[in-house]
2 protein chains.
Amino acid sequence: MLQELTETRYGKHDYIFREGDPTEYFHIVKEGTVKCVKSTPEGKECTLKMLMPGDLFCCDAAAFDGASHPGSAQPMGDVSILRMKKKSYFEMLRRNPDAAMEVIKYLGNRLNEAQEKTKDLALDRADQRLASLLVDLAARNGIADPNGIRLTVRMTRQDMANMIGITTETTIRIMSKFKRDRLVSGTANRLLIRDLKGLKALASAS
Amino acid sequence: MLQELTETRYGKHDYIFREGDPTEYFHIVKEGTVKCVKSTPEGKECTLKMLMPGDLFCCDAAAFDGASHPGSAQPMGDVSILRMKKKSYFEMLRRNPDAAMEVIKYLGNRLNEAQEKTKDLALDRADQRLASLLVDLAARNGIADPNGIRLTVRMTRQDMANMIGITTETTIRIMSKFKRDRLVSGTANRLLIRDLKGLKALASAS
DNA sequence: CAATAAACATGACATATATCATGTTTATGA
DNA sequence: TCATAAACATGATATATGTCATGTTTATTG
């Protein structure tokens with residue numbers, strides 16, 4: 001069975017798949033970070049989710065039902081992806097109730113997250129959403145550092161903007177303010193969360 | 001097995017459950033419309049989804065994983081709800097791979113929808129989001145009418161506002177403009193979509 | 001039916017965020 | 001290492017939407 005699982009490596013300029021491509025495979029992140037992106041005809045982009053090792057996606061697990069990917073998947077730097085034919089994966093789930101239940105719980109959890117994000121977009125200000133994003137990434141992608149929590153994924157201001165539905169300029173302005181307030185420091189290559197509590201306070205001030 | 005499925009009726013001032021309540025049951029809408037709502041400490045509300053007959057929710061199906069409801073469920077008018085103990089439901093799924101696969105597809109579909117909504121909130125203007133909402137409701141809740149499509153669910157401007165993350169006043173202003181442009185007519189009790197194509201054009205002008 | 005509350009409507013004004021422009025710093029790759 | 005592009009930064013201005021205030025119309029209920 002396991003020979004159906006193949007591994008592929010991608011670099012930051014590749015696409016793992018594009019919006020509209022047929023959903024032939026299930027994907028699992030083995031190493032690195034992958035972003036799920038939807039874009040408009042005019043080139044505006046919205047990043048739905050950053051996927052870390054262990055996450056499955058297709059794209060963004062949304063295509064368990066559906067014939068084509070509702071968004072594209074792009075690596076953030078070098079990544080390694082495991083792939084399995086959708087048909088094989090479904091057969092495996094059908095034969096393995098425990099695995100199916102795990103997937104149900106995983107999807108429930110993902111739906112939950114998506115709805116939390118909906119609420120943030122609908123009700124929070126830009127600075128609160130950015131603070132939420134940084135808190136979330138600190139937990140999922142951060143490693144301890146003498147001065148706080150360092151994010152291992154390389155994220156530009158533009159990447160952040162796309163994740164919270166604001167412009168790059170606004171993100172830069174808010175990040176500059178966060179820097180002045182000693183909440184964060186550094187830029188894409190070395191982003192450091194200096195005051196997690198402060199960011200959490202801002203994020204939940206809704 | 002079926003004796004575990006109980007039916008309850010609710011009126012528009014009831015709660016089916018509240019945010020934070022333990023998730024003891026799975027719910028299915030039998031009759032009527034239910035809204036899933038998240039609210040902030042200051043009383044701002046965000047409606048995540050309108051559930052129609054056949055939809056399952058817990059709340060909003062997001063609690064397949066999780067001990068407490070991430071949002072509350074409120075009837076829009078009179079509704080009838082079917083309920084089953086969460087434990088029984090999980091056991092049933094474990095024994096019935098076809099049902100489990102159906103749930104996986106359903107959740108994938110719901111996640112997909114949620115992400116589409118995220119994109120709309122992040123990238124579209126208020127009038128486009130309102131047009132999207134009306135198009136969606138026309139398909140899911142509308143019945144043919146000599147002058148267009150009539151919505152059977154009673155929805156105030158405030159209800160709509162909560163669904164798309166804008167204020168009641170802005171919703172009223174946009175609806176007034178839609179009325180002037182002959183796209184819609186009527187108020188909560190008798191909402192009529194007069195020009196579906198026009199609304200679709202507006203909605204997808206992103 | 002009258003009394004009351006909810007929904008709808010609209011103006012004046014405030015403000016968060018977008019847009020456009022321009023410059024500096026930092027990273028990248030030949 | 002130099003040349004080029006990407007990322008970061010910041011000001012000026014525009015604009016969509018929020019906020020507050022006030023009035024009318026439409027439902028609801030005793």
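Buried area here is the accessible area (1.4 Å probe) that two parts lose on being put together, summed over both. I'm noting that up front, and also that this is a predicted model.

**Entry 1: chain A against chain B**

I looked up the buried area first: chain A and chain B bury about 4000 Å² between them, and 69% of that is on carbon and sulfur atoms. Each side brings residues to the contact, 42 from chain A and 42 from chain B.

Next I went through the polar side of it. I get four salt bridges across the interface of chain A and chain B. One I looked at pairs the side chains of A:Lys38 and B:Glu116, at 2.7 Å from N to O. Strand E3 (45-51), helix H1 (86-95) and helix H2 (97-123) of chain A each give at least two residues to the side that touches chain B. H2(A) has the largest share there, 22 residues. By class, I count 21 nonpolar, eight polar and 13 charged residues on that side of chain A.

**Entry 2: DNA strand D**

Which residues are closest to DNA strand D? I find A:Arg157, A:Lys179, A:Thr187, B:Ala126 and B:Thr170, out of 19 that surround the strand. Of the strand D atoms within 4 Å of the protein, 67% belong to sugar or phosphate, the rest to bases.

I checked some single distances. A polar backbone atom of A:Arg157 sits 2.8 Å from a phosphate oxygen of strand D. On the base side, a polar side-chain atom of B:Arg173 is 2.9 Å from a base oxygen, and a side-chain N or O atom of B:Glu169 is 3.5 Å from a base nitrogen. Helix H5 (168-180) of chain A and helix H5 (168-180) of chain B are the elements giving two or more residues to this surface. H5(A) gives the most, five residues.

Methods
Residues are numbered from 1 along each chain as its sequence is written. Chains are lettered from A and ligands numbered from 1 in the order in which they are written. This is a predicted model: local features need pLDDT of at least 70, side-chain atom pairs count only at pLDDT 80 or more; totals for chains, interfaces and linings use all residues. Side-chain values use heavy atoms; hydrogens and water are left out. Contact means heavy atoms within 4.5 Å. Helices (H or I, at least four residues) and strands (E, at least two) are DSSP runs, numbered from the N terminus. Ala, Val, Leu, Ile, Met, Phe, Trp, Tyr, Cys and Pro count as nonpolar, Asp, Glu, Lys and Arg as charged, and the others, Gly among them, as polar. A residue is near a molecule or strand if one of its heavy atoms lies within 4 Å of it. A polar contact is a pair of N or O atoms within 3.5 Å; within protein, one must be able to donate a hydrogen and the other to accept it, and residues adjacent in sequence count only if both atoms are side-chain atoms.
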